[in-house]
Amino acid sequence: MKLTSIRPLPCTSTWTLLLVLTLASLRLGASGSGPALVMAVLALTLIKGQLIADYFMGLRRVRSLWRTAMFAYLVVVGGLIATAYLIA
Amino acid sequence: MENISDPPHALPGDFAIWVFIFAELTVFGVLFSAFAFARAAHVDLFNQSQLALNRGLGAANTLVLVTSSYFVARATRAIKDGRGLLCGHWLTGALGLGVVFLALKLFEFHQDYAHGITLSTNLFDMFYLSLTFFHFMHVLMGMAILAVVAYKAYAGRYGVEDHAGVETGGSYWHMVDLVWIILFALVYVIR
């Protein structure tokens with residue numbers, strides 16, 4: 001039997017990870033409030049976003065410009081949200 | 001089997017959809033930032049109003065949308081293997097989960113209305129309803145695209161060499177998922 005036939009597809013591992021990270025975000029959010037929790041949830045969101053871009057959209061296999069553009073988008077939006085929450 | 005050292009591939013699907021996807025992401029990014037900075041001036045109001053939301057339903061919808069995105073990824077894999085029927089089945093599954101998402105969201109909107117949450121209640125509710133309804137419309141649009149792609153997959157119009165339509169529709173659906181991931185964290189979770 002080929003190894004590839006028993007190894008889960010990258011998108012299956014990604015899906016499992018996304019479910020776990022979603023539940024982790026929910027748990028973190030339910031545990032309280034404050035800058036540390038906000039940063040932690042936003043960091044998990046950034047990871048989830050990049051996982052979707054890389055393994056669902058398939059950007060990991062295209063020219064790095066597009067993957068970088070998506071990462072930049074997530075960092076800029078996440079950074080703006082983080083800034084707004086830190087100055088509040 | 002693809003090798004990591006293979007040369008970079010072209011963007012999945014039509015190039016035009018990627019211009020559209022980044023335009024959509026920019027619009028949502030501006031709205032998310034507007035929400036966050038509006039909150040900075042009304043922290044108590046936003047924190048208080050957020051408590052009225054049904055976070056469980058929001059989380060359930062996140063799991064539903066992430067799973068539907070996974071189904072679309074499997075559909076793309078299937079058509080690359082030349083399995084049009086299987087591709088159609090995965091897309092139909094994704095569409096079914098899209099229906100579940102819409103049903104849960106409509107139930108949530110109904111609950112919100114019953115609890116007095118309207119566009120004019122306060123700034124948080126205005127943002128919450130506008131953002132989620134705007135996203136709701138994108139889910140509808142994504143489902144319309146997926147339905148066409150599923151129909152064409154069942155009709156045998158895609159193959160190993162010609163499956164840009166599946167990738168184009170799929171990329172749009174993943175964008176809808178990506179936007180909800182951020183929306184869920186911003187509106188329902190962080191405080």
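A salt bridge here is a side-chain nitrogen of Lys or Arg sitting within 4 Å of a carboxyl oxygen of Asp or Glu. Keep that cut-off in mind, and remember that this is a predicted model. B:Arg77 and B:Asp81 make such a pair, with their closest N and O atoms 3.1 Å apart. How buried or exposed are the two partners? B:Arg77 is partly exposed at 30% relative accessible area, and B:Asp81 is partly exposed too, at 47%.

Let's step back and look at chain B as a whole. Its elements, read from the N terminus, go α-α-α-α-α-α, so to speak an all-helix list: six helices and zero strands. Lay the C-alpha trace along its principal axes and you get spans of about 55 × 35 × 25 Å. The chain has 191 residues, and 54% of them count as buried. As for how the chain meets itself, take the contacts with a separation of 6 or more: 81% of them come from residues 24 or more positions apart.

Now for the surface and the charges. Chain B exposes about 8,100 Å², and carbon and sulfur atoms supply 67% of that area. The chain carries 10 positive and 13 negative charges, and the mean positions of the two sets lie 5 Å apart.

Back to the pairs. Side chains of opposite charge can pair when their charged atoms come close. Over all chains, the structure holds four salt bridges, and another of them joins B:Glu108 to B:Lys105, at 3.1 Å from N to O. Why are these two separated by about one helical turn? Because B:Glu108 and B:Lys105 are three residues apart in helix H4 of chain B, which covers residues 84-114. What about their accessibility? B:Glu108 is buried with a relative accessible area of 0%, and B:Lys105 is likewise buried at 0%. Since buried means under 20% relative accessible area, both residues fall in that class.

Chain A has a pair worth a look as well. The side chains of A:Arg67 and A:Asp54 meet in a salt bridge, 2.7 Å from N to O. This one links distant parts of the chain: A:Arg67 belongs to helix H4 (residues 64-87) of chain A and A:Asp54 to helix H3 (residues 35-56), with their positions 13 residues apart in the numbering. Is each partner buried or exposed, and to what degree? A:Asp54 is buried, with a relative accessible area of 4%, while A:Arg67 counts as partly exposed at 36%.

Key
Residues are numbered from 1 along each chain as its sequence is written. Chains are lettered from A and ligands numbered from 1 in the order in which they are written. This is a predicted model: local features need pLDDT of at least 70, side-chain atom pairs count only at pLDDT 80 or more; totals for chains, interfaces and linings use all residues. Side-chain values use heavy atoms; hydrogens and water are left out. Helices (H or I, at least four residues) and strands (E, at least two) are DSSP runs, numbered from the N terminus. Buried means under 20% relative accessible area, exposed over 50%, partly exposed in between (1.4 Å probe, protein chains only). Contact means heavy atoms within 4.5 Å. Accessible areas come from the Shrake-Rupley method with a 1.4 Å probe; for residues, only the protein chains shown count as cover. Lys and Arg count as positive and Asp and Glu as negative; His and the chain ends are not counted. The place of a charge is taken as NZ of Lys, CZ of Arg, CG of Asp or CD of Glu.
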